[in-house]
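Take a moment to turn the model around before reading on. The report below walks through a few places worth finding on your screen.

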Amino acid sequence: MQFKKTLISCAAMAMVLGTGVFAAGTIDIQSASADTSAKKIALSNNYAGNSWRQAMLKSWEKVTGQAVSDGIVAEASAFTTSENQVTEQAAQIQNLILQGYDAIVVNAASPDALNGAVKQACDAGIVVVSFDGIVTEPCAWRIAVDFKQMGAIQLDYLAGRIPDGGNLLEIRGLAGVFVDDEIHAGIEEGVAKHSQFKIVGSVHGDWAQEVAQKAVAGILPSLPEVKAVVTQGGDGYGAAQAFKAAGRPTPLIIMGNRQDELAWWKEQKDANGYETMSVSIAPGVSTLAFWVAQQILDGQEVPKDLVVPFLQINQADLETSLETTEKGGVANVEYSLDDAKAVIAGE
Amino acid sequence: MFHGHLNARMLRSALPALSLAVLLAAIFYTQPRAMSYFGLNLMLQYAVPIALATLAQMFVITVNDLDLSIGPFVGLVACIGATYLHDAPALGLFMLAGCIGLYALMGALIHLRNLPSIVVTLGMSFVWLGIAVLVLPTPGGKAPEYLKALMSLQVPLVPFPIVAAVVIALVVQAALMHSSYGVVLRGAGGNPKAVARAGWSMLRAKMIMFGLAGVFGVLSGLSLIGLTTSGDAHIADRYTLYSIAGAILGGAEFVGGRVSPVGAVLGALTLTLAGSFLIFLRVSPDWQIGAQGAILILVLALRALISRGEAR
């Protein structure tokens, strides 16, 4: 990683904040190559149909490709099921067991329904590490996202920027999805903590700019002055467009690391010194899962439940982040072995 | 001439078994590790619910209809199994019996109103899915212990999925192909007018066949959650296509009455193994569905070739 990004691990937040900037380091070969050079790790992925998943697979390829050529592991192949189906992924995992992999890294289609296959893998002596879409089977490791915290830190940031508080508009994600409920709960918690803020309106933006724009445009006429917009990612740019179209002053909108959002932010920053922050999950979390699996194979003591750091972009990092983010993509960061060790130790 | 006719016919009924044998040989060649009790057990486990769903589809195909709702139905059964059947067994059993009853009624509706089965079952697929989401809004629940125990049964020498497949295939084969009422049921699909004129109730035949499809759909769903240990409304969405493909691979034809239970089970096993084979070959997922389709076309082309020989 050439650029510096602030990675805030929810669990290791204090530590990371203390050191300020947490840059990705180089791979430490000595401490790991001895025991895992003959090991094979597979990625079982349930879906590849959006930019986030594509970036996730690309990161996996890049980091594990390097690890294989450095001789840290023997093989690290990615397998994606053609449709997002539980039964298909269960069969895929069973086939991976047969192919003799030492560890299987899983982004699961369902938290429960893969448990049967995961248990079979564990029983066959295979290390199973789940991330993003985690599995509940106790024998597997979980690298979970603290979505609640992702909502709460938005309010913490706003409290620092607008000490007097004011009215907020909340843009939620896809109704009925676990992630939406979690981020929303975090935002509610944040509002309870910083009581100077008040949510005056809430719409569902479905994590898509067009949907968010339409939803915000629909609710805006009924709202009083809005100081800030709290979001879930993939909706900030749409919200900004809606405010502009309605001829209302642009509030402080929290962004979600999408390239179009960052580009808009940069434009505003250059024009009028607009300041905000952006937060989301880096698709490169797949590489963190890879290193965690490698560490477990290496014989390291790793807690079963780890919390994934999320990727926050601040005003100062905007230009570098924008430069490295593909058009239409999501800001990403790949994890190094040292990052993984920090996450493991952070528990 | 009679001799050639017989040979072609035998070849045709041997085709499902033949394609399965070829596929197995190819798998053992690419992944020798699969050639073990453990390997076969893993690869074929998920074939059991698919085989049951395929038989359900086969019953419907027998009476010259097509069931596009079997996948969501299996999903619904899985949801009921992972919730009510676990927490309140009596209520769960009652609900499953109700599901089978609804399936039989669906057959009655199709017959009485003379509706195209594709339309009715497509509509019902959304009803099943809707109820499943109501029963279990988010994936989860717990499969009853006895189902888990049954599906992870360790039989000596031969892996459980193979034993289960053989037993299921033989029971249905005996009932449908070698019993006198089985002949009537098949006739209801092949030549409904003749069967009706002979005094048999067509309504009854359709209701029985759809009811049997419901029974096997329930068995499929229950065996599925025995494997996954929990339910999900979308757990079996692919089963609709799998079941049709499996039945056709196994020698069924869309003309009614021409089916083969043993073939259907073999077809389901072939489809399941085709997936494993493609993963072992590291075929990119973008091509896997296409490759599965190619296998299907290959087998059907062979069958058409043999049938042509038979006609001659």
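## Two unusual backbone spots in chain A

W207(A) counts as buried, because 24 C-beta neighbours lie inside 10 Å and 20 or more is enough for that label. You can find W207(A) in the loop between β8 (197–204) and α8 (209–219) of chain A. Look at its backbone too: W207(A) is not a glycine, yet its phi is positive, at about 60°. Please keep in mind that this is a predicted model.

Now move to D132(A), in the loop between β5 (127–131) and β6 (141–145) of chain A. Is D132(A) buried or exposed? D132(A) is buried, because 21 other C-beta atoms lie within 10 Å and the label needs 20 or more. D132(A) also has a positive phi, about 55°, although it is not a glycine.

## A partly exposed loop residue

Q196(A) sits in the loop between α7 (178–193) and β8 of chain A. With 13 other C-beta atoms within 10 Å, Q196(A) is partly exposed, since a residue is buried at 20 or more and exposed at 12 or fewer.

Which residues does Q196(A) touch, leaving out those up to four places away in sequence? The answer is D164(A) and G165(A). For another landmark, try I253(A): Q196(A) and I253(A) are 57 residues apart along the chain, and their C-alpha atoms are separated by 17 Å.

## Chain A as a whole

Let's zoom out. Chain A has 13 helices and 13 strands. Of its 347 residues, 52% are buried. Counting the contacts in chain A with a separation of 6 or more, 74% join residues 24 or more positions apart.

## Two domains and where they touch

The domain assignment splits chain A into domain 1 (6–132 + 281–346) and domain 2 (147–279). Notice that domain 1 is written as two stretches of the chain. Taken over C-alpha atoms, the centres of domain 1 and domain 2 of chain A are separated by 29 Å.

How many residues of each domain of chain A are in contact with the other? There are 17 residues from domain 1 and 14 residues from domain 2. On the side of domain 1 of chain A that touches domain 2, β13 (310–313) and α12 (318–324) of chain A each supply at least two residues. The largest share there, four residues, comes from β13(A). Sorted by class, this side of domain 1 of chain A has eight nonpolar, seven polar and two charged residues.

## Where chain B meets chain A

The contact between the chains takes 26 residues from chain B and 25 residues from chain A. On the side of chain B, the elements that give two or more residues are α2 (37–44), α12 (202–228), α14 (261–280) and α15 (285–311) of chain B. Which element gives the largest share of the side of chain B that touches chain A? It is α14(B), with four residues. By class, this side of chain B has twelve nonpolar, ten polar and four charged residues.

## Helices inside chain B

Two packed helices are described by the angle between their axes and the distance between the axes. For helix α10 (residues 180–190) of chain B and α12(B), the angle is about 100° and the axes are 10 Å apart. That angle makes α10(B) roughly perpendicular to α12(B). At the meeting place, V184(B), L185(B) and A188(B) in α10(B) meet M202(B), A205(B), K206(B), I208(B) and M209(B) in α12(B). By class, the contact of α10(B) with α12(B) has seven nonpolar, no polar and one charged residues.

Next, find helix α13 (residues 239–249) of chain B. Ten of its eleven residues are buried, so α13(B) is largely enclosed by the rest of the structure. Among the buried residues of α13(B) are Y239(B), Y242(B), I244(B) and L249(B). After α13(B) comes G251(B), whose phi is positive, near 105°.

## How confident is the predictor?

Chain B averages a pLDDT of 89, and 96% of the residues score at least 70. For the complex, the predictor gives an ipTM of 0.77 and a pTM of 0.76. As a reading habit, where pLDDT is low, the predicted coordinates should not be read in detail.

Definitions and conventions: Residues are numbered from 1 along each chain as its sequence is written. Chains are lettered from A and ligands numbered from 1 in the order in which they are written. This is a predicted model: local features need pLDDT of at least 70, side-chain atom pairs count only at pLDDT 80 or more; totals for chains, interfaces and linings use all residues. Two residues are in contact if their C-beta atoms, placed from the backbone, lie within 7 Å. Ala, Val, Leu, Ile, Met, Phe, Trp, Tyr, Cys and Pro count as nonpolar, Asp, Glu, Lys and Arg as charged, and the others, Gly among them, as polar. Domain bounds come from an automatic or database domain assignment. Axes are lines fitted to C-alpha atoms, for helices over the stretch in contact, and angles run from 0 to 180 degrees between N-to-C directions. Angles under 35 degrees count as roughly parallel, over 145 as roughly antiparallel, 65 to 115 as roughly perpendicular and the rest as oblique. pLDDT is the predictor's confidence in each residue, from 0 to 100.
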